[in-house]
Amino acid sequence: MFEKALEVLERYFGYAQFRDGQQKVIESLLRGTDTLAIMPTGAGKSLAYQIPALLFEGTTLVISPLISLMKDQVDALVQYGVPATFINSSLSLKEVRVRIEKARCGEYKLLYVAPERLESEGFRALLELLNVSFVAIDEAHCVSQWGHDFRPSYLHLGPFLKSFTYKPLIGAFTATATEEVQVDIIKQLGLNAPDIFATGLDRPNLSFSTLRGAKKKEFILEYARLHADQSGIIYVGTRKEVDNLQTFLSKNGIRAGKYHAGMKEEERQQSQEDFLFDEITVMVATNAFGMGIDKSNVRYVIHYNMPKNMEAYYQEAGRAGRDGEPGECLLLFSPQDVVLQRYLIDQTIFQQERKNNELKKLQGMVDYCHSSRCLRKTILEYFGEEAIHEECNNCSNCNDVREKIDITVEAQKIFSCIIRMRERFGIGMVAEVLKGSRKAKIRELRFDELSTHGIMHDIPLQDIKDRISFLVAENFLQLSSGEYPVVKLLPNAVSVNKGDAKVWQKVTPQPVRKNEEEINLFDQLRKLRTELARRENVPPYVIFADNTLREMSQLCPIDLQSMIRISGVGEKKLAKYGSIFLEEVRNFCEEVKNGIVGRQDISENYVEANKLPNSNSQLLPKLIKSQEEIDLTQHHSPVVSRRTKQAPSSAKASKDKLLSHQQTFLLYQEGYSLDEIAKVRNVTALTVQQHIVRCGLDGQAIPWDDFIPIEQEALVLEAVRRVGREKLRPIKDLLSDEVEWFTIQAVLEKYKI
Ligand SMILES: [Zn+2]
């Protein structure tokens with residue numbers, strides 16, 4: 001049965017193997033055992049019930065709490081060629097009947113339903129007509145009053161499941177559930193001796209960073225500019241600040257939208273849609289945004305303010321990188337955030353005990369922001385995970401190489417000034433005195449007569465304020481709670497003033513753009529995806545995920561056979577989009593070849609690909625005959641315009657000459673190394689490699705051993721033995737980074753496997 005699951009995974013979803021965690025859950029369900037699966041965001045929770053649904057007889061009922069999410073999931077399934085639909089309050093009664101009728105005729109394998117529906121007697125009667133063999137309950141923690149997200153409508157599930165005349169198989173799925181909640185889920189849903197699986201909470205593809213004392217607005221603007229082509233969410237503490245930041249970013253040319261509970265329903269809806277469809281790249285929002293957002297290619301989540309606890313933080317930050325590709329989670333800390341959160345807890349109507357608990361959780365978050373240990377370890381420990389590595393090498397503490405500067409003298413000036421102002425004023429006022437302001441209020445209080453007045457006059461006012469905030473963050477100073485926080489000295493500051501301790505500040509890093517090399521072909525493919533998505537009115541990631549496009553741009557598939565080797569390309573998508581994406585790759589390659597696109601890090605093996613003869617008997621004589629016709633400088637001609645629709649003139653002129661990849665191979669046969677060929681032909685090493693592969697596929701005899709490092713051959717073969725040859729990505733993933741794509745292709749070609 002499990003082989004069948006793999007087959008379905010490959011055929012519909014285009015992946016060659018399951019992720020950790022998915023396999024066990026699927027095996028359990030296929031055995032017919034009720035199953036509770038706790039899988040964190042990004043672990044591929046949905047596939048764990050969609051695959052069994054495709055294998056079981058009849059229809060699978062999926063209970064899902066969020067209408068918007070339901071539609072996205074169904075849209076995505078339909079794209080994969082999976083027959084699915086949903087029924088919820090957004091449909092008319094007539095439409096509901098039509099869908100039920102179709103379900104009865106077996107037209108859908110998956111039927112998504114909101115829990116509220118199950119209350120209706122009529123609806124339940126309709127369901128009786130269906131052959132429901134499996135019920136999957138998403139967000140199962142909503143059934144428990146102990147959970148953080150209890151929904152009363154979920155209480156109808158238990159009675160509903162019992163009302164079947166036979167007992168359907170039940171799978172309960174959630175991203176988080178404490179032990180207490182797990183017990184409750186099993187009880188409420190009446191799971192029968194279930195298997196329970198918990199996938200670890202770690203998300204290795206996410207990097208975590210905290211930043212203290214940064215100029216937040218400027219930092220974010222710079223960051224958003226550097227990541228202009230990527231989707232990101234910026235969480236902001238209050239509605240007013242959301243409005244401010246969104247306006248600021250928009251004025252500075254960033255395509256930013258906003259979302260908070262103070263906006264009109266339609267506005268929010270529109271904003272959310274714009275984000276899903278990549279019409280805007282940055283979403284500035286309060287924590288009201290995110291529930292039910294299934295966008296898999298969010299590349300970064302920035303917290304403009306510190307959230308109230310780690311649960312909230314990890315859930316929000318976790319919306320980055322759900323496709324398993326790298327995601328950045330940044331938290332910009334400022335001491336005022338602590339003051340605000342304390343104030344909010346204070347304002348609640350909770351009992352004192354609950355308040356204390358909330359304060360304790362808040363402190364956990366503050367500690368995270370100040371920790372110099374591995375941030376990932378800090379998070380996972382908080383959630384009670386054990387056996388965690390000391391260092392993850394993918395967080396701002398593990399990778400901290402910033403320069404430290406000694407700011408002891410400045411700190412002493414600030415401390416002295418605060419003492420002279422009798423620790424009764426806020427950051428702004430202290431900064432103004434240090435700057436030497438002569439405002440009426442300052443003269444009135446006679447602060448202009450203090451010895452510290454104006455001793456930092458050469459530093460911009462905002463910088464002085466930032467320095468003071470930094471000293472608060474580092475526990476030299478403290479901010480009182482209340483509406484007008486006052487800054488006071490802590491014991492650490494006293495020792496600095498005495499000269500017993502020094503103050504170091506790390507230079508705030510500038511935002512940097514990672515993975516610079518992704519741009520270019522990847523970018524073009526994304527644009528194409530956006531166009532298609534608009535035409536079909538689905539979110540772009542539903543067409544192909546980012547990682548699929550990235551692999552496409554790295555591997556440059558040459559035809560549909562090589563296209564299906566790419567992860568995320570299943571049969572339906574191959575048929576629907578294969579040719580159009582191949583076409584785009586070819587266009588791009590022609591532009592590179594003609595010098596229209598600046599960088600040349602992709603293969604140009606598409607040029608004239610259509611005219612290729614298949615057998616090498618025709619090719620070989622031509623290779624020899626045409627030797628003198630090779631024109632290595634043909635693509636150095638100057639750029640005239642972008643994207644000419646006609647075939648480039650150089651291509652026409654070289655019609656009778658050797659094809660580009662053949663020229664490369666000829667040079668190789670003449671004794672040039674691949675590097676030398678790249679230089680001579682002014683293309684990248686990758687292009688040269690792909691030329692060789694191309695010649696091999698044409699049927700030429702290639703000395704593959706030349707290109708396979710001797711110690712890697714056995715490793716590649718072993719990897720192929722383990723994961724098969726259908727997709728290249730799983731093979732690559734099993735091997736260390738030193739093993740190049742080219743080596744894998746060379747081994748596959750050598751053994752014709
Ligand atoms: Zn770390």
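The chain of this predicted model contains 33 helices and 17 strands. Of its 753 residues, 42% count as buried. Among contacts in the chain with a separation of 6 or more, 71% join residues 24 or more positions apart.

Six strands are arranged as an open sheet in the order E8-E13-E12-E9-E11-E10, and the pairing is parallel. The edges are occupied by strand E8 (206-212) and strand E10 (256-259); each has a single partner strand, so one side of each is left without a neighbour in the sheet. From one strand to the next, the twist averages 20°. At the E10 edge, the pairing with strand E11 (residues 282-285) is parallel and comprises four bridges. Within this pair, Ala256 is placed opposite Val282 of E11.

Parallel pairing is also found around strand E5 (132-137). Strand E2 (residues 59-63) runs parallel to E5 and is joined to it by five bridges. Here Leu61 has Val135 of E5 as its bridge partner. E5 also pairs with strand E6 (residues 169-174), again in the parallel sense, over four bridges. In this second pairing Val135 stands opposite Ile170 of E6. Val135 thus takes part in both pairings, facing Leu61 as well as Ile170. In a regular strand, side chains alternate between the two faces of the sheet.

The loop between strand E5 (132-137) and helix H7 (157-162) contains Glu139. The phi of Glu139 is positive, near 50°, although the residue is not glycine. Most residues other than glycine have a negative phi. Glu139 counts as buried because 24 C-beta neighbours lie inside 10 Å, the cut-off for this class being 20 or more. A positive phi, near 60°, is also found at Arg422, likewise a residue other than glycine. Arg422 is located in the loop between helix H16 (408-420) and helix H17 (427-435). Its setting is exposed, because 9 other C-beta atoms lie within 10 Å, and a residue with 12 or fewer falls in that class. The two residues with positive phi are therefore set in contrasting surroundings, Glu139 being buried and Arg422 exposed.

Helix H17, which follows the loop of Arg422, packs against helix H19 (residues 461-473), with the two axes coming within 9 Å and crossing at roughly 125°. The two helices are therefore oblique to each other, since this angle lies outside the 65 to 115 range for roughly perpendicular pairs and is not over 145. The crossing of H17 past H19 is right-handed. On the H17 side, the contact is made by Ile427, Gly428, Val430, Ala431, Leu434 and Lys435, and on the H19 side by Leu461, Ile464, Lys465, Ile468 and Ser469. Classified by residue type, this contact has seven nonpolar, two polar and two charged residues.

Helix H28 (residues 660-669) is largely enclosed by the rest of the structure, because eight of its ten residues are buried. The buried positions of H28 are Ser660, His661, Gln662, Gln663, Thr664, Phe665, Leu667 and Tyr668. After H28 comes Gly671, with a positive phi near 110°. H28 packs with helix H29 (residues 674-681) at an angle of about 130°, the axes being 10 Å apart. At this angle H28 is oblique to H29. H28 passes H29 in a right-handed crossing. Thr664, Leu667 and Tyr668 of H28 meet Ile677, Val680 and Arg681 of H29 in this contact. By class, the contact has four nonpolar residues, one polar and one charged. The three residues that H28 contributes to the contact, Thr664, Leu667 and Tyr668, are listed among its buried positions.

A further loop, between helix H14 (352-370) and helix H15 (375-382), holds Arg373. Arg373 counts as partly exposed because it has 15 C-beta neighbours inside 10 Å, a number between the limits of 12 for exposed and 20 for buried residues. The C-alpha atoms of Arg373 and Glu390 are separated by 8.4 Å, the two residues being 17 positions apart along the chain. When neighbours within four places in sequence are left aside, Arg373 is in contact with Thr378 and Asn397.

How values were computed:
Residues numbered from 1 in each chain as written. Predicted model: local features only at pLDDT ≥ 70, side-chain atom pairs only at ≥ 80, totals over all residues. Pairing = 2+ DSSP bridges. Axes fitted to C-alpha atoms, helices over the stretch in contact; angles between N-to-C directions. Parallel < 35°, antiparallel > 145°, perpendicular 65-115°, else oblique. Left-handed = near helix turned anticlockwise from the far one by under 90°. Contact = placed C-beta atoms within 7 Å. Nonpolar A, V, L, I, M, F, W, Y, C, P; charged D, E, K, R; others polar.
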